[in-house]
Amino acid sequence: MSTALLNASGLHKSYAETPVLHGVDLRVDDGEFVAVMGPSGSGKSTLLHCIAGLDELDAGAVWLDETDLTELARDQLADARRERMGFVFQQPTLLRDLSLLDNIVLTSSLDGIGTSRQRRERAEALLSRAGIGDLGARMPTEVSGGELQRAGICRAMMRSPRILFCDEPTGALNSTAATAVLDLLVELNSEGTALLVVTHDATVAARADRVVFMIDGRVAQQLWLGETRDPVAAVAATMRHVGV
Amino acid sequence: MPGVRELRALTWRSLRRNRASAAILVGFMALATMLAASAAALVVTATGASESLMRQARTPHFLQMHAGDVDLVRMAAFAMSNPLVEQWAVSEILNVDGAAVRIVGDGVDTTLAEALQDNSFVTQNAGFDLLLDTDGEVIAPTPGTVWLPLFYFAELDLAVGNVLWVTGPGGRTQLEVAGFLRDSQMNSSYASSKRLLVSAGDLERVRSTVADAGAVEHLVQFRLTDPAAATQFEEQYRAAGLEASGPTVTWALFVLVNSISEGVTAAIAILVTVLLVGIALLCVRFTLLTTIEQDHRQIGTLMAIGTRRRDLRRLYSRRYLAMALAGAVVGLLGALGLSRVLLARVELFLGPSGRELPAIALGVALAALLVCVVVLSVHRTLRALERISPVRALRTDGAAPAGVPRRPPRWLSVADGALGTNTTLGLGDLWRRPGLYVVPLVVHTLAVFVLVVPQNLYTTVTSPGFVTSMGAGVSDMLVGVRPPVEVERAAELAEELAADPRVERHTMLVTAAYSTTTVEGTRASLRIESGDLGMFPISYTRGRAPVEPGQLAVSALQADALGVDLGDVVVAEPVGGGEPLELAVVGVYQDITNGGRTAKMVMPHTSSEVMWSTLQADFTPGFHVGAAISGYAATNPDVRVSSVRDHVAASLGGTVDALGSAAVAAVLVGLAVAALVTALFMRLLVARDAARTATLRALGFRDHQIRRQSLVRSTSVLVAGVLLGTLLAHVVGGPLAGFLLAPAGLTELTLGTNPWLAHVASPAALLLVVVGTTLASTRSGVEDSIALTTKE
């Protein structure tokens, strides 16, 4: 049996009296790729933000390994995000006044991990792996959206996190760029990094081990893709079935 | 119109969101309006009051001073034949050395020398050039009384009932102060002469008292049928070859002199106003651009649904119009209070102006002008709206400005920087957006300047060595022997000092009266101090101390008055007869003692008219100087025994206290402005950088690490401001202080610095304020929810 890396239970969240999450339970195993799908307003992004500690929960618990994230103070939560999690957002959130390389080494540099040379070498290796090895010195405004998103993934991977949280990582990209980004994420997953990806895109969800469908702040259904022959068709069928 | 409701909501939301920024902008606007309106009231009232006084006093349109006799018959013939002349008169004035006029009363014992003016006893004129009382009535002094200029009432704290003594070779004349007069010619401290009004009989008594020590001059005065023709009349007067051994003054100069004192105050207020308006405009621009960035997406939406740019502009400008109007109203109310303080002096010296309404109207007009300037600046800044593309605003978050940001140098690269990530990010921001930090830099520079210059000035005038810049050497004890104490007492005291085993060294300097001729040919009195000038040396701004007979050092003011400089020869004729001295000027020094016009030599006096003597002494180390001074003061109650510090305090009068208060006020103002501007900018930066902050927090930056980046930014700007401000204080501070203190006789001033105060305590105080304000202002913004700004 797989080990649970992340275990969220009984998550409740409301915005201005409007309930968004109704007692959601979610588990992500070590090295697992979980996709979350649902219509707009179903609470999938809120679920991701609450699990990652970017937003506060009204009730519930989120365990990352042996740590209950909801019990951590702000600074401890910041440390956990920096050291054990990685984030990829729909809009690339690289700091526009830093080069791609500087953006990638940011948190390692903050904690003084390794020498500056070692940090630089690791960042350059990540950039090469993402297919943008010659763009490290460029500023974010000087590269394309796909390249920017790949740089964002490099930044997220710099500290080798156990889990990567991705919120619509291909949502703002054209199909070529989206494929490149998705391939990179799958490759990282195959090397042991767990992924929790919120997406509207069935082709993205079809690459996951498991797809969680959300409706109105609740988990409506889960689909284990495993050895499914046509995962895209399976995802599409389940979407129709649950009304996503 | 589509989107009006949304726009209004946007406006109010932005105002609510930036409440502190709005309050600070209103504050700056209020301060600027208050100063501008007060300066306007001051100018209007002062010129009105001056005109009114000159009308009541019937000030002459043309005045010729003359040091010799006047041929009245010839003058009358000229006046009768000149159609421009309406009235004319020749009046006599008796110049008396200020040191010879002592005033004693309840808590007062002073001589007029303290006020650094030329003093003349006069009688009331008939017909015009009238000396008025504070009710505007023409004064008719009764025998035995004297009316003093209001200048002395203000400067020397005199009161009605004080007793005035004039002493001279002819004995002593006593008069009672009956009141204070408004003199339409010589009211201002900028007029270096003052008239003391007595009855005709008393003028004769004073004349016989001062005998040779007094100098008679004549004022040849004309009222013209056409005041504008004063210049033409002056040419005719010159062409007629009439008496003219002295300065000429026309109506225009009287107007100027009467208004200049208030004019300087108004000029300073206007300068500060311009500065405040400048800061306010920069703040408005910064706030507005930040707001537009924050509202970028909503603006894009509103444009997309058809809102016209004109309507967008109008709604933004309305917000600033409201803030400017609020500031203007508060400022005008403040001006009512401030101008009451500023106008008190005008009313005292010049009387009522009768221009209250125009003064208020001008203040309101200026306030309206300031509001217009703000609105115009807002309109100009709102051109930024033209550059917003609805498509771009809707597709991206749009808040980031277009273009490639300034690439940081290698040492500011996070990958290579050895300064630490937060410091690197903070400094990188300064590098990337230097224009943003210009306003805090300018404000910090000015704050340091404002903090340091008054401090330096205070340090300078209170340092024991400063006395050497004032015409006296540094010694432990100073003893002044002045009339009515007999001259011989000085010699007795010198013997006493010589016999005192506690006294290490001492000297006696004797001042006697001479007269001389200026380069313009007029007679002038000259007080020369003689003795061993090397024992307790003073500082010379030019040249050196006299060391042998035939050499003379003169004070800067005396050199100006005589028109002499190094190398010139002064012929000093002893008052009361004696052998004239030919003295070559070898040194010039600054002196604010004894009227500022003094001279020094080493050769013995030939004048028998000794005015006073000064003894200076140093005590053997180990003795308690304070106790020794107190002992001498107790055993010699008839003479003035003081320490150097007392001497400085006495010589500078209220100047030291005023400088002390100014220094404290400057510290408070400087710190308050630094705190306000730091708060404003940090709040705006937090709002502007909300997305960036959220990203950093999502990446795992702790709150204090993000605040440290803000601290690096604000303290770096402060450090630059401290360096620039200190440099400015060094370069401009001395001349500025010299300019302000020139009327007190300090024309060339080298500012001293207390390094501890100027370079440690003041920057440390500013640092504390800036750090505290930065931490307080960035707390809420940094701790906002991350998800709100990162999720899309």
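**Reading salt bridges and a nonpolar patch**

Mentor: Let's start with a pair in chain A: A:Asp183 and A:Arg207 form a salt bridge, with 3.2 Å between the closest N and O atoms. This pair links distant parts of the chain, 24 residues apart. A:Asp183 sits in helix α6 (residues 175-190) of chain A, while A:Arg207 sits in the loop between α7 (202-205) and β9 (210-215) of chain A. Do keep in mind that this is a predicted model.

Trainee: What is the general idea behind such a pair?

Mentor: Side chains of opposite charge can pair when their charged atoms come close.

Trainee: And are A:Asp183 and A:Arg207 buried or exposed?

Mentor: Something in between. A:Asp183 is partly exposed, at a relative accessible area of 35%, and A:Arg207 is partly exposed too, at 37%.

Trainee: How many salt bridges does the structure hold?

Mentor: Over all chains, there are 40. Take A:Asp65 and A:Arg84, whose closest N and O atoms are 4.0 Å apart. A:Asp65 lies in the loop between β4 (59-64) and β5 (67-68) of chain A and A:Arg84 in helix α2 (residues 74-84) of chain A, so this salt bridge ties together parts that are 19 residues apart in sequence.

Trainee: How accessible are A:Asp65 and A:Arg84?

Mentor: A:Asp65 has 29% relative accessibility and counts as partly exposed. A:Arg84, at 22%, also counts as partly exposed.

Trainee: Which salt bridge could we look at in chain B?

Mentor: Try B:Asp500 with B:Arg502, where the closest N and O atoms are 3.0 Å apart. B:Asp500 is buried because its relative accessible area is 11%, and the cut-off for buried is under 20%. B:Arg502, in turn, is partly exposed at 26%. Salt bridges can also share partners: A:Asp75, A:Asp79, A:Arg82, A:Glu83, A:Asp111, A:Arg159 and B:Arg702 are joined that way into one network.

Trainee: Let's turn to nonpolar side chains. Which residues make a nonpolar surface patch?

Mentor: For such a patch, we look for residues with over 30% relative accessible area and no salt bridge. Here B:Leu724, B:Leu727, B:Leu728, B:Val731, B:Val732 and B:Leu736 make a patch of about 480 Å².

Trainee: Where is B:Leu728 found, and why can B:Leu728 belong to a surface patch?

Mentor: B:Leu728 is in helix α20 (residues 703-741) of chain B. B:Leu728 is partly exposed, with a relative accessible area of 32%, so B:Leu728 passes the cut-off of over 30%.

Technical notes:
Residues numbered from 1 in each chain as written. Chains lettered and ligands numbered in written order. Predicted model: local features only at pLDDT ≥ 70, side-chain atom pairs only at ≥ 80, totals over all residues. Heavy atoms only, no water. Patch = residues over 30% accessible without salt bridge, like charges linked within 9 Å, V, L, I, M, F, W, Y side chains within 5 Å. Areas by Shrake-Rupley, 256 points an atom, 1.4 Å probe, with all protein chains shown as cover. Helix = DSSP H or I, 4+ residues; strand = E, 2+ residues; numbered from the N terminus. Buried < 20%, exposed > 50% of the residue type's maximum accessible area, 1.4 Å probe, protein only.
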